[in-house]
Amino acid sequence: DMPSVFKLKFTDWHFYWAGIKQFAHYGFPMIGWFLSATLLGVGDRYVIQLFRGSAEVGIYSANYTLISGAVGLIAGPVLLAAHPFFMRAWGSGDIESTSRWLGRIAELFLQFGIMLVGATWLFSSDIASWFLGKEFRLGHTVMPIVVAGIVMWQLGMYAHKPLEFAERTKLMFCLSIAVAALNLVLNIIFVPEFGYLAAAYTTTISYSVYTIVTSIVGQRLLRWRINARPIFITTVITIATTLVVAFLRPHIEHMWGYTPGFVVAFGVFAVIAVVIALCIIDLKLGKIAQSFKNPLS
């Protein structure tokens, strides 16, 4: 049972007060961070509404919500596969393994994120046609931009982990406020002329700025790095495959119709994506299994 407040000794009050202060020091800035993150995620809608009207808000929100939910569903297992090992390394006090795991997660997520952006660019019009009403389909062009932004934002959730571990939540709050303000300013500048497409770009830029800044600042607390070579290879292969598929599909559809064109396009991209994914799993998730046997490796 919880002790009565009237029966607590002075030393007990000192103990509880220390816990309350620690919670306030860590928790209250995180509340501000969540509010700033929310503003960063939805603030562009208000700017679009103000300068372009509710019709564009509806188009943008429908496409944004559809594709962001799909990305979360696809990316979740990728992050969940490595996250427990990362947290266990930190909990055991092994700074070297924590740094290595953070780099692996960032590298893994970037590679899958690059493929997701390529796939979304190829098939955004199909996704919009299948799941959105006719009046919203025009906004499918924002989907690959939104995917890139979400990938960067999710990456930022790991980039700021060193700040979380060091309880530098006030700094996280300040950075989130600054990025939310940057996003608002960029939207006010570009949305009136370019509409919801500009909102997608400015949000992606803001997410990227947060990830880059927290990565740089966090390096002072926990040094980690990513291997640029596999990311570069994934990027080149994805771009090449995307361009080839985008070139072939219209010709196939012209000769045989929509369905054969889609099947061929999806099949080619899927085969390349599976090959890349298998390489990633072999190189990265294979190390997870090894580290499961030896948690400090």
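This is a short tour of a predicted model, with stops at a proline, a group of aromatic rings and two arginines.

Start by selecting Pro29, which you will find in helix H1, residues 10-52. Its relative accessibility is 11%, so Pro29 counts as buried. Now add Thr169 to the selection: 140 residues separate it from Pro29 along the chain, yet their C-alpha atoms are 5.6 Å apart.

Next, turn to the aromatic rings. The whole structure holds twelve aromatic pairs. For one of them, select Trp130 and Phe262: the ring centres are 5.2 Å apart and the planes stand at 80°, an edge-to-face pair. Trp130 belongs to helix H3 (residues 95-131) and Phe262 to helix H9 (residues 258-293), so this pair ties together parts 132 residues apart in sequence. Are the two partners buried or exposed? Trp130 is partly exposed, at 47% relative accessibility, whereas Phe262 is buried, with a relative accessible area of 17%.

Keep Phe262 on screen and add Phe266. Their ring centres lie 5.8 Å apart with the planes at 20°, so this pair is stacked. Both residues sit in helix H9, four residues apart, which is about one turn of the helix. Phe266 has a relative accessibility of 47% and therefore counts as partly exposed.

Now widen the view by selecting Phe123, Trp130, Phe131, Tyr258, Phe262, Phe266 and Phe269: ring pairs link these residues into a cluster.

Finish with the arginines. Select Arg45 with Tyr64, and you will see Arg45 over the face of the tyrosine, 4.4 Å from the ring centre. Then select Arg104 with Trp101; here Arg104 lies over the ring face at 4.7 Å from its centre.

Key. Residues numbered from 1 in each chain as written. Predicted model: local features only at pLDDT ≥ 70, side-chain atom pairs only at ≥ 80, totals over all residues. Heavy atoms only, no water. Helix = DSSP H or I, 4+ residues; strand = E, 2+ residues; numbered from the N terminus. Buried < 20%, exposed > 50% of the residue type's maximum accessible area, 1.4 Å probe, protein only. Phe/Tyr/Trp six-rings, centres within 6.5 Å; stacked < 30°, edge-to-face > 60°. Lys NZ or Arg CZ within 6 Å of the ring centre and 35° of its normal.
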